[in-house]
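User: I'm new to reading protein models and would love a close look at one part of this one. Could you walk me through a few serines and a charged spot on the surface?

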Amino acid sequence: MGRIFYLIRYYVAMRQSFRSRSLFIAFFLLIVQLPLRLATAQAAPQVCPAQLGDRVSAIVNRPEFARLRWGILIQTQSPDPPTTLAAHDAERYFIPASNAKLLTTAAALTQLGSEFRIRTSIYQVDATASGVVLAIVGRGDPSVTDAELRQLAQQLSDRGITTIDQLIADDHYIRGETANSTWEWEDIQAGYGAPASSLILNQNRINLTLVPQAVGQPLRVEWETPTAGQGWQIDNQSQTVEATAPEFLQVGRDLTRPVLVVRGQLRVNAAPEPVAVAVTQPSQNFLDRFRQILTAQQIRVHQVAIAPTAVSANLPEIAAIESPELASLIRVANQRSNNIYAEAILRSLGATNPDATSHLDAGLAALNLALTRLNISPDSYRLVDGSGLSRRDLVSPVALVQTLQAMARSPYATVFRDSLAKAGESGTLRNSFRNTPIQGRLRGKTGSLTGVTTLSGYFDPAHYSPLVFSILVNQANTAIDDATDAIDEILLLMAQLQDC
């Protein structure tokens, strides 16, 4: 009470000394709030750099984590030799999940440049009195949607083309397997495991929504576009359950026939659940949809066909679209953890080898070469795909941190950093670390598979030097959320770093 009385008297006395009321108020508030701010600063938790390793070890060695595997490396980010603040099995192999995309996108930026684009062309094969024959040649652009096909249709219309006697789809640019043979059965059926082919439309996936009905009834299947469901059979073994029942879903497809299989259950009155399945014949799907769009543009197409061999590039190109720059493509791959973007980018790397019979294998070889040039140890990782969907991918925390360090020193440092999700703001981290000291200060790449959770990236603590880190968890035998929460704890410790 005495302190309040003193402040009132002080306020009256000081007010007479200031000609500007606003200046006085600002000064007075500073005087009043200063002790509170000092007390808050003194009470704020603090971690010294020398303490971080032991604090991280205390988390890793908790009894509930006795059976899972941790791989951790935390270093200062510096052009000089970095300082390691914490490490645990940092040189051992781990399944990286989508953290593998860091290696893929770093190699692509280094080899192809941030302005690289993927072109889709329409060539005029023949134009006689009997009709016009056109060939559309895809080169693995993962960004093509219906909107881009409408652009192509408009370009043809602008040329005065109203009838196409035959439309040929050339899918020979990307060579070798388009779906990875090491991916699991359920993955290649799902939308996130769609094939990375020459002709990619709407990410080679079919989107649909499952809607709960009355209790006991099957879920209603709604296609994103009505035409997408044409010709499909639905094996619907799902049901709507009571509001207290557990929820689970399994959506797949027959790989030889257009049969959609829906299993599982959602609660009555629950929000509709978006799902997707992979297109198994991407070239035919692309061709059929383009024909529909051309028809809507008043361009008649009499016949369509898949080209038995590659179309000559010496034919006149009469229409074309290009992907966004690679800087934008890797942002989708990393921020949204988009698998088909990462796989398409890897195959674009492979396409730089004109003699390659497999653009997947050639892409992996080009990736290895690019990372070696960045001084990433070749024996610190082993990839079999570009997205991290394969459980045969093996990467050490050392490889990921070395890659992040190398890219921070490269001409593409800003492009690469901006491609990563931002804590509390964007991408797969948009809902993480909100209202914490980490929000806005972490740029990272998440990863998850069954029993696997990973996070690697850049972190700028408020009171310490910028950091580069990789935290990989494998063989989680408890709820994966427990390991994810522990990773969050480690990040919060990093946020408390101060020079001591």
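Analyst: Let's begin with a term: a residue is called buried under 20% relative accessible area, exposed over 50%, and partly exposed in between. Keep in mind that this is a predicted model.

Take Asp 485 as a starting point. This residue sits in helix 13, which covers residues 480-495. Its relative accessibility is 44%, so Asp 485 counts as partly exposed. Asp 485 also has company: together with Glu 64, Asp 481 and Asp 482, it forms a patch of negative charge on the surface.

Now let's turn to the serines. Ser 358 belongs to the loop that links helix 9 (339-350) with helix 10 (359-373). Why does Ser 358 count as buried? Because its relative accessibility is 13%, and the cut-off for buried is under 20%. A polar atom of the Ser 358 side chain lies 3.1 Å from the backbone nitrogen of Asp 361.

Ser 410 is also a loop residue, placed between helix 11 (397-408) and helix 12 (413-418). With 14% relative accessibility, Ser 410 counts as buried. Here the side chain has a polar atom 2.9 Å from the backbone oxygen of Met 407. You can also look further along the chain: Leu 374 is 36 residues away from Ser 410 in sequence, while their C-alpha atoms are 9.0 Å apart.

To recap, Asp 485 is partly exposed, Ser 358 is buried, and Ser 410 is buried.

How values were computed: Residues numbered from 1 in each chain as written. Predicted model: local features only at pLDDT ≥ 70, side-chain atom pairs only at ≥ 80, totals over all residues. Heavy atoms only, no water. Patch = residues over 30% accessible without salt bridge, like charges linked within 9 Å, V, L, I, M, F, W, Y side chains within 5 Å. Areas by Shrake-Rupley, 256 points an atom, 1.4 Å probe, with all protein chains shown as cover. Salt bridge = Lys/Arg side-chain N within 4 Å of Asp/Glu carboxyl O. Lys, Arg positive; Asp, Glu negative; His and termini not counted. Charge placed at Lys NZ, Arg CZ, Asp CG, Glu CD. Helix = DSSP H or I, 4+ residues; strand = E, 2+ residues; numbered from the N terminus. Buried < 20%, exposed > 50% of the residue type's maximum accessible area, 1.4 Å probe, protein only. Polar contact = N/O pair within 3.5 Å; in protein donor to acceptor, adjacent residues only side chain to side chain.
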